[in-house]
Amino acid sequence: MRSTASRRLWIAAACTLAGLLLTGCTPRQVGNTGIGVDAAGDPIVYAAVCDDQITSVSILVEDTGPTVTRWSGGPVTAGDVVVIPLNTPPKGWQVEKGPTALEPGVRYEAAGWRASAAVTKYVLFDTARLARLKTGEILYSATGGGTATAKSVEDFQRAACLRS
């Protein structure tokens, strides 16, 4: 039977190793994601890549919810922004899942990613927040927390690649 001190040391080592393994698998943040609406009020996802690349963009129910819509294509590389209308993916992009209509009262998050290596910062939104956006405005996660609204794709891309 192991001593209490030996057991505690073993548990501490196992916890440290687990922590290192879990943090080692965290994808690197390579840009930002925004959400806007077209003239008909339909959602448009924007993913700005500041370095590296992404090959997929998804909308999910906030936190651990299911994927609502997912597109793949690209890649979108450093300095580029992909613009994906909910119902019509751009040339070179395919629908992997969805699109599904967004439901009132449900919070969603949108983000771009590439395997487990790179991810764009996600943006949280719901249908009520989308309804308040004007055509051309882009809601995104601001540096330091909260959300901000850009007035154009160019403004969004500039803000997306600012470092905190």
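Is Cys50 buried or exposed in this structure? Cys50 turns out to be buried, with a relative accessible area of 17%. That sits under the 20% cut-off for calling a residue buried. Keep in mind as you look around that this is a predicted model. Cys50 is a handy place to start, since a disulfide joins it to Cys161, with the two sulfurs 2.0 Å apart.

A search of the whole structure turns up 1 disulfide. Cys50 sits in the loop between strand E2 (43–49) and strand E3 (53–61), while Cys161 is in the segment after helix H3 (153–160), so the link ties together parts that are 111 residues apart in sequence. The torsion about the S-S bond is about -90°, so this disulfide is left-handed. As for Cys161, that end of the pair is partly exposed, at a relative accessible area of 29%.

Let's step back and take in the whole chain. There are 3 helices and 11 strands, and if you follow the sequence along, the pattern reads α-β-β-β-β-β-β-β-β-β-α-β-β-α. Of the 164 residues in the protein chain, 34% count as buried. The accessible surface comes to about 9000 Å², and 57% of that belongs to carbon and sulfur atoms. Take the contacts with a sequence separation of 6 or more, and you'll find that residues 24 or more positions apart account for 53% of them.

Now back to the loop between E2 and E3, where Asp52 also has its place. Asp52 has a phi near 70°, a positive value in a residue other than glycine. Most residues other than glycine have a negative phi, and most peptide bonds are trans. Asp52 is partly exposed, with a relative accessible area of 27%.

From there you can walk into E3, a strand with partners to look at. E3 runs antiparallel to strand E4 (residues 67–77), and 7 bridges join them. One of the pairings to look for puts Val57 opposite Trp71, its bridge partner in E4. E3 and E4 form a hairpin with 5 residues between them, and in the turn Asp63 has a positive phi of about 65°. E3 is also joined to strand E7 (residues 108–114), again antiparallel, by 6 bridges. Here you can look for Leu60, whose bridge partner in E7 is Glu109.

What about the interior? The largest nonpolar core has 25 residues, and those with the most contacts inside it are Val57, Ile59, Trp71 and Phe125. Val57 and Trp71 are the bridge partners you just met. Strand E1 (28–37), E2, E3, E4, strand E5 (81–85), E7 and strand E9 (123–125) each supply at least two residues of this core. There's a second, separate core too, with 9 residues that include Tyr46, Tyr140, Ala159 and Ala160.

Next, have a look at two prolines. Pro75 lies in strand E4, and the peptide bond leading into it from Gly74 is cis, with omega near 10°. Pro99 has its place in the loop between strand E6 (93–97) and E7. The bond from Gly98 to Pro99 is cis as well, with omega near -5°.

Thr100 lies in that loop between E6 and E7 too. Thr100 is partly exposed, with a relative accessible area of 38%. Leaving aside neighbours within four places in sequence, Thr100 is in contact with Val68, Thr69 and Leu86. To relate this spot to the core, try Ile59: Thr100 and Ile59 are 41 residues apart in sequence and 9.6 Å apart in space, going from C-alpha to C-alpha.

One last stop takes you towards the end of the tour. Ser152 has its place in the loop between strand E11 (147–150) and H3. The side chain of Ser152 reaches the backbone nitrogen of Asp155 at 3.1 Å. Ser152 also touches Gly136 and Ile138, if you don't count residues up to four places away in sequence. Follow H3 onwards and you reach the segment after it, where Cys161 lies, joined by the disulfide to Cys50.

Notes:
Residues are numbered from 1 along each chain as its sequence is written. This is a predicted model: local features need pLDDT of at least 70, side-chain atom pairs count only at pLDDT 80 or more; totals for chains, interfaces and linings use all residues. Side-chain values use heavy atoms; hydrogens and water are left out. A disulfide is a pair of cysteine sulfur atoms within 2.5 Å. Helices (H or I, at least four residues) and strands (E, at least two) are DSSP runs, numbered from the N terminus. Buried means under 20% relative accessible area, exposed over 50%, partly exposed in between (1.4 Å probe, protein chains only). A polar contact is a pair of N or O atoms within 3.5 Å; within protein, one must be able to donate a hydrogen and the other to accept it, and residues adjacent in sequence count only if both atoms are side-chain atoms. Contact means heavy atoms within 4.5 Å. Two strands pair if DSSP finds at least two bridges between them. A nonpolar core is a set of buried Ala, Val, Leu, Ile, Met, Phe, Trp, Tyr and Cys residues joined through side-chain atoms within 4.5 Å. Accessible areas come from the Shrake-Rupley method with a 1.4 Å probe; for residues, only the protein chains shown count as cover.
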